[in-house]
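Thanks for coming. I have one structure to go through today, and I will keep to what can be read from the coordinates.

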Amino acid sequence: MRFQKWWLLVALAVVVLAVSPETADSYERPLPRESLVVPLSEDSDATTPQQVHVSLVGKDRMRISWITDDNTPATVDYGTSPGKYQYSANGTVSSYEYLTYTSGEIHDVVIGPLDPNTVYYYRFGPDSTPEFSLKTPPAQFPIKFAVSGDLGQSGWTKSTLEHILQANYDVLLLPGDLSYADMMQPLWDSFGRLVEPLASQRPWMVTQGNHEVEKIPAIHPTPFTSYNARWHMPFEESGSSSNLYYSFEVSGVHVVMLGSYTDFGPGSDQYGWLESDLGKVDRSKTPWLVVIVHAPWYNSNYAHQGEEESVGMMAAMEGLLYKARVDVVFAGHVHAYERFNRVYNQKIDNCGPVYITIGDGGNREGLASKYKEPQPTISVFREASFGHGELDVINASYAMWAWHRNDDDEAVQSDSIWLRSLTSDPTCNKLDI
C-alpha cells in the first residue's frame with residue numbers, strides 16, 4: 001500500500017500486547033501473547049488482490065471487497081466449479097486519505113443472484129490469481145453464526161480466528177472494534193490480511209466501535225473514514241442513511257446492527273430508522289430477532305461503567321427492543337464475557353432480550369478482569385477470558401448459544417444455553433409496536 005514508511009514503523013512499535021489476566025479458580029491462563037501484524041507477502045506486486053472479504057447484500061447477493069496498490073479493474077468472475085466462471089460482475093474503485101497516508105485502491109463488487117448453501121469460486125478478472133471461494137448461507141434453518149468482538153491483532157486474535165474457522169459457521173457477527181488501528185492506517189491493511197482467510201470465505205457482518213472513530217479535531221474532523229471506506233455494509237438496502245447502522249435478513253433471522261458512536265436519541269436518524277425497521281419485521285418469515293451493538297447496555301464489569309454510549313443509548317432504545325420482542329442483544333467493548341438473563345429495565349423479564357457481552361476476541365489491551373461483587377441476580381455467567389461465541393439457530397423456536405474460551409489453546413465450551421424464540425412463547429408472542 002502507499003504510505004510513508006515511518007507510519008509503519010510507528011505502528012509496529014506501538015502495537016504491544018499488554019495482558020496480565022488474573023488467575024481463575026478453575027484453571028490457569030497461559031502467559032500473554034505477542035502482537036501480530038501480518039505483512040504483505042514478499043511475492044506480491046502492485047496488482048495482487050489482498051484484504052479480501054465478503055458480506056451479505058439483500059436476499060441473494062454478496063459484496064466482495066479487496067485492495068490493490070495499483071488501479072486494477074473492479075471485476076469479479078465467479079461460478080460453482082473451480083476454474084470455471086460462468087458469471088462476471090463489475091463494481092467501483094475508490095481510495096481515501098488520512099493525514100499523510102493514502103490507501104490502496106479499494107474494490108467493491110456485488111455479485112448475484114446466488115443460490116443458497118452453495119460454494120462459489122471467484123477471481124478478480126481474467127488474469128488474477130489465486131482463486132478464492134465462498135459459501136452462501138442456507139435459505140432456511142438451521143444456520144450458525146459465529147460472534148466475536150474487539151478482535152485486534154494479537155496472538156489471542158490468531159487463536160480466536162483459528163477456533164472460529166473450525167466452527168463451520170455460516171455468518172460472522174462482529175460488534176465493533178476491528179483492527180485497533182487507532183489512526184495508524186497501515187494496521188488496517190495488516191488486519192485485512194489477518195482476517196482474509198476467514199472473511200474471504202464466509203460473510204462478515206460488522207458494526208463500528210470506539211476504535212473505529214479515528215477523529216482528530218481540527219486535523220481530521222471526519223469520523224469513521226477508514227471504517228466506512230473499507231467495510232461497506234448493506235445499509236442502503238435496509239433503508240438506512242448511514243453505514244454505521246443497518247439491518248439484514250438471513251435464513252429466518254433478522255439482524256439489526258446499531259451504532260454506539262453516532263446519534264441515537266429520540267429524534268435522531270438512527271432512532272427513527274430503528275423504529276421503522278423493527279416495525280417492518282415479519283416474524284412469520286424471520287422468527288428470530290437479533291441486535292448487535294458495541295457498548296453494552298447491561299454490564300457488571302468495572303470496565304466502561306456509566307458511559308453515555310451505554311447508559312444514554314439504553315435509555316433511548318431499550319423500550320423499542322423490548323416491544324419488538326428482540327431475542328438476543330450482543331455487545332463488545334468490555335474485554336470479557338458475560339451472559340445475562342432475559343431482562344428489561346434492570347429486572348428479570350421473560351419477554352426481554354438475553355444480553356451477552358462478548359468483547360473478548362483478542363485485542364492488545366488485554367482482559368477486563370474486575371467484576372462487581374456480589375454478582376447481580378440478572379447476571380448468569382461471567383468470565384474474563386478471550387474466546388468466541390456460536391449461535392446455532394436450529395429452527396423457528398430453538399437455538400443453542402455456546403461461548404468457547406480460548407485461553408486453553410483449544411476452543412473449550414465454557415458456557416451454553418438453549419434459547420427459545422420469544423415468538424414461540426405464548427406469553428410473549430403478542431408484539432406491541
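What follows is a walk through strands, a sheet, empty space and a few backbone details.

Before anything else, this is a predicted model. Please keep that in mind for every value I quote.

Let me begin with strand 16, which covers residues 288-292. How many of its five residues are buried? The count is five of five, so the strand is mostly covered, taking buried to mean under 20% relative accessible area. In a regular strand the side chains alternate between the two faces of the sheet. Here both faces are covered. W288, V290 and I292 are buried on one side, and L289 and V291 are buried on the other.

Now the neighbours. Strand 15, residues 253-257, runs parallel to strand 16, and the two are paired over five bridges. If you want a register point, take H254, which stands opposite L289 in strand 16. To get from strand 15 to strand 16 the chain passes through helix 5, residues 269-280. That β-α-β crossover is right-handed.

Strand 17, residues 328-331, also pairs with strand 16 in the parallel sense, here over three bridges. The register point for this pair is I292, which has F330 of strand 17 opposite. The connection from strand 16 to strand 17 goes through helix 6, residues 308-323, and this crossover is right-handed.

Next, a separate topic: an open sheet. It has four strands in the order 4-3-9-10, with antiparallel pairing. Strand 4, at 87-90, and strand 10, at 132-135, are the edge strands, each pairing on one side only. From one strand to the next, the twist averages 30 degrees. Inside that order, strand 3 (residues 75-79) and strand 9 (residues 119-123) form an antiparallel pair over three bridges. Y78 stands opposite Y122 of strand 9.

On to empty space. Rolling a probe the size of a water molecule over the atoms shows where empty space is left. The largest pocket holds about 720 Å³ of space. Which of its 29 lining residues are closest to the centre? They are G58, K59, E249, V250 and S251. Strand 2 (61-68), strand 14 (246-250) and helix 5 each give at least two residues to the lining of this pocket. We met helix 5 earlier, as the helix in the crossover from strand 15 to strand 16. Strand 14 makes the largest contribution to the pocket lining, with four residues. By class, the lining of the largest pocket has eleven nonpolar, nine polar and nine charged residues.

There are closed spaces as well. A search of the whole structure turns up three cavities of 30 Å³ or more. The largest cavity has a volume of about 80 Å³. Its lining consists of Q51, H53, S65, W66, I67, I106, W188, G192, R230 and W231. Strand 1 (50-57), strand 2 and helix 3 (186-199) are the elements that give two or more residues to this lining. The largest share, three residues, is from strand 2. Strand 2 is thus a name to remember: the pocket lining takes at least two residues from strand 2 as well. Divided by class, the cavity lining has five nonpolar residues, four polar and one charged.

Last, the backbone. Most residues other than glycine have a negative phi, and most peptide bonds are trans. Where are the cis bonds I want to show? One runs from F141 to P142, with omega near 0 degrees. P142 sits in the loop between strand 10 and strand 11 (143-147). Another cis bond runs from E373 to P374, with omega near -5 degrees. P374 is in the loop between strand 20 (354-358) and strand 21 (379-383).Two residues other than glycine have a positive phi worth showing. For D177, phi is near 60 degrees; D177 is in the loop between strand 12 (171-175) and helix 3. For Q346, phi is near 70 degrees; Q346 is in the loop between strand 18 (337-344) and strand 19 (347-348). Is D177 buried or exposed? D177 counts as buried, because its relative accessibility is 1%. Q346 counts as partly exposed, at 47%.

One last residue is L391, in strand 22 (residues 387-393). L391 is buried, with a relative accessible area of 2%. Its C-alpha atom is 9.9 Å from that of I417, 26 residues away along the chain.

That is the end of my list.

Key. Residues numbered from 1 in each chain as written. Heavy atoms only, no water. Buried < 20%, exposed > 50% of the residue type's maximum accessible area, 1.4 Å probe, protein only. Pairing = 2+ DSSP bridges. Right-handed = clockwise from strand over helix to strand, strands pointing away. Axes fitted to C-alpha atoms, helices over the stretch in contact; angles between N-to-C directions. 1 Å grid on protein atoms, 1.4 Å probe; cavity = no way out; pocket = protein on both sides within 12 Å on 5 of 7 lines; lining within 4 Å. Points joined across faces, edges and corners; volume = space filled by probe spheres on them. Nonpolar A, V, L, I, M, F, W, Y, C, P; charged D, E, K, R; others polar.
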